[in-house]
Amino acid sequence: MRLALPAAFVALLAATPALADVPKVVASIKPVHALVAAIMQGVGEPSLIVRGAASPHTYALRPSDAHALAEADLVFWIGPELEGFLAKPLEATATKATAVELMEAPGVTLLDAREGGAWDPHDHGAGNDHGHDHAHGHGHDEGHEEVNTHVWLDPDNARAMVVAIADALEAKDAAHADAYRANAERTARGLAALDAELKATLAPVQDKPFIVFHDAYQYFEAHYGLNGVGAITVNPERRPSAKRLSDIRAKITSLGAVCVFAEPQFEPALVDTIVQGTKARKGVLDPEGAGLSDGPDLYPTLLRNIAASLKGCLAS
Ligand SMILES: [Zn+2]
């Protein structure tokens with residue numbers, strides 16, 4: 001039997017905000033997208049700008065991205081120091097979107113970028129490599145005290161970001177406030193459990209020295225008390241000089257680095273050259289989720305994979 005609804009009731013349903021008007025949300029990079037997707041679960045889905053194996057360090061905005069930004073109500077990003085390609089579009093007067101810079105979110109801890117590729121404070125007079133490789137190169141060429149932009153790799157920062165994301169969504173879309181709150185609480189509990197799991201995973205390898213491709217892991221290392229001793233390059237957009245490479249090889253030997261980690265996006269062949277003739281093993285770390293599927297599960301998978309790669313290489 002078909003139930004005929006009174007016309008007035010049908011009109012009321014159509015006008016109920018809960019059934020319509022989910023804000024159009026854009027996220028810059030995969031880890032941010034994952035946290036936003038977790039908070040929007042059951043309500044809607046954010047779209048993502050830096051997709052696939054692309055890196056925010058080398059990304060150029062496409063016309064489809066510009067279109068998504070023009071349509072957006074809310075944009076979540078880390079900040080202009082990381083996603084420089086978003087700075088101008090977000091300032092454009094045609095954009096109606098509220099942009100939420102998560103690096104500035106309350107409770108997010110920031111760390112100053114470490115100096116030099118081997119971040120050794122006593123290394124300053126050692127070579128002429130210092131000047132041009134200085135800092136992360138996200139558009140701040142004159143930078144002095146630059147901030148390391150990879151803030152999402154500290155799970156405490158992720159928890160602070162989750163609160164900021166839920167607040168911004170609620171401000172735009174009060175009709176779904178309860179869903180955003182419940183999702184934020186569930187996500188925060190998940191992050192706390194993940195953190196406890198990773199502390200246990202990493203405890204046995206805390207003292208093992210290792211070298212990374214670029215310094216994306218400072219937050220992760222600080223949070224878990226790990227012993228990262230250097231990076232191959234401070235600027236992943238530039239190929240390191242021959243002198244840098246020989247300096248890194250010398251560091252591997254003098255510091256007894258157990259592993260050298262490549263990244264999926266950036267010249268893994270370079271790592272072969274670097275470890276040749278040393279006792280160091282090779283591994284791969286993915287700081288941005290290049291090889292992972294988008295969605296709410298990406299964030300915990302990203303951190304678990306980093307922990308598993310570190311443990312796998314350093315403990316063997
Ligand atoms: Zn980076």
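**Exercise 1. How do helix 5 and helix 6 pack?**

Task: Find how far apart the axes of helix 5 (residues 155-172) and helix 6 come and at what angle they cross, then name the relation between the two helices.

Solution, step by step:

- Begin with the geometry: the two axes come within 9 Å, and they cross at roughly 175°.
- Next, apply the cut-off, by which angles over 145 degrees count as roughly antiparallel. Helix 5 is therefore roughly antiparallel to helix 6.
- Now look at who meets whom. From helix 5 the participants include Pro155, Val162, Ala166 and Leu169, and from helix 6 they include Ala177, Tyr180, Ala184 and Leu191. Charged residues take part too, among them Asp156 and Arg159 of helix 5 and Arg181 and Asp195 of helix 6.
- Finally, sort by class: the contact of helix 5 with helix 6 has eleven nonpolar, one polar and six charged residues.

Please keep in mind throughout that you are working with a predicted model.

**Exercise 2. What about the other helix partner?**

Task: Describe the packing of helix 6 (residues 177-202) with helix 10 (residues 298-315) by angle and axis distance, and list residues that make the contact.

Solution, step by step:

- The angle is about 5°, and the axes lie 10 Å apart.
- Since angles under 35 degrees count as roughly parallel, helix 6 and helix 10 are therefore roughly parallel to each other.
- On the helix 6 side, the contact uses Leu191, Leu194, Glu197, Leu198, Thr201 and Leu202. Helix 10 contributes Tyr299, Pro300, Leu303, Arg304, Ala307, Leu310 and Lys311.
- By class, this contact has nine nonpolar, one polar and three charged residues.
- A small extra: Leu191 of helix 6 appears in the contact with helix 10 and also in the contact with helix 5.

**Exercise 3. Reading the first sheet**

Task: Give the strand order of the open sheet that contains strands 1 to 4, and find the strands at its edges.

Solution, step by step:

- The four strands are arranged in the order 2-1-3-4, with parallel pairing.
- Strand 2 (47-48) and strand 4 (98-101) each have a single partner strand, so one side of each lacks a neighbour in the sheet.
- For a closer look at one pair, take strand 3 (residues 74-77) and strand 4: four bridges join them in the parallel sense. Here tryptophan 77 stands opposite glutamate 101 in strand 4.

**Exercise 4. The second sheet and its cover**

Task: Work out the order of the open sheet containing strand 7, and decide whether the faces of strand 7 (residues 259-262) are covered or uncovered.

Solution, step by step:

- This open sheet has four strands in the order 6-5-7-8, and the pairing is again parallel. Strand 6 (228-231) and strand 8 are at the edges with a single partner strand each, so one side of each has no neighbour in the sheet. From one strand to the next, the twist averages 25°.
- Helix 10 packs on the sheet, where it touches strand 5, strand 7 and strand 8, and its direction makes about 150° with that of strand 7.
- Helix 9 lies across strand 7 and strand 8, at about 160° to strand 7.
- Move to the pairings of strand 7. Strand 5 (residues 210-212) pairs with strand 7 in the parallel sense over two bridges, and isoleucine 211 has valine 260 as its bridge partner. Four bridges join strand 7 to strand 8 (residues 281-284), with cysteine 259 opposite arginine 281.
- Now the faces: both are covered, with Cys259 and Phe261 buried on one side and Val260 and Ala262 buried on the other.

**Exercise 5. Two residues to place**

Task: State whether aspartate 272 and glutamine 218 are buried, partly exposed or exposed, and locate each one.

Solution, step by step:

- Aspartate 272 belongs to helix 9 (residues 268-275). Its relative accessibility is 34%, so aspartate 272 counts as partly exposed. Its C-alpha atom is separated by 9.2 Å from that of alanine 262, ten residues apart along the chain.
- Glutamine 218 is in helix 7 (residues 218-224). With 9% relative accessibility, glutamine 218 counts as buried.
- Beyond residues up to four places away in sequence, glutamine 218 touches Leu111, Asp112, Ala113, Arg114 and Asn148. Glutamine 218 and valine 151 are 67 residues apart in sequence, yet their C-alpha atoms are 8.7 Å apart.

Methods: Residues numbered from 1 in each chain as written. Predicted model: local features only at pLDDT ≥ 70, side-chain atom pairs only at ≥ 80, totals over all residues. Heavy atoms only, no water. Axes fitted to C-alpha atoms, helices over the stretch in contact; angles between N-to-C directions. Parallel < 35°, antiparallel > 145°, perpendicular 65-115°, else oblique. Contact = heavy atoms within 4.5 Å. Pairing = 2+ DSSP bridges. Buried < 20%, exposed > 50% of the residue type's maximum accessible area, 1.4 Å probe, protein only.
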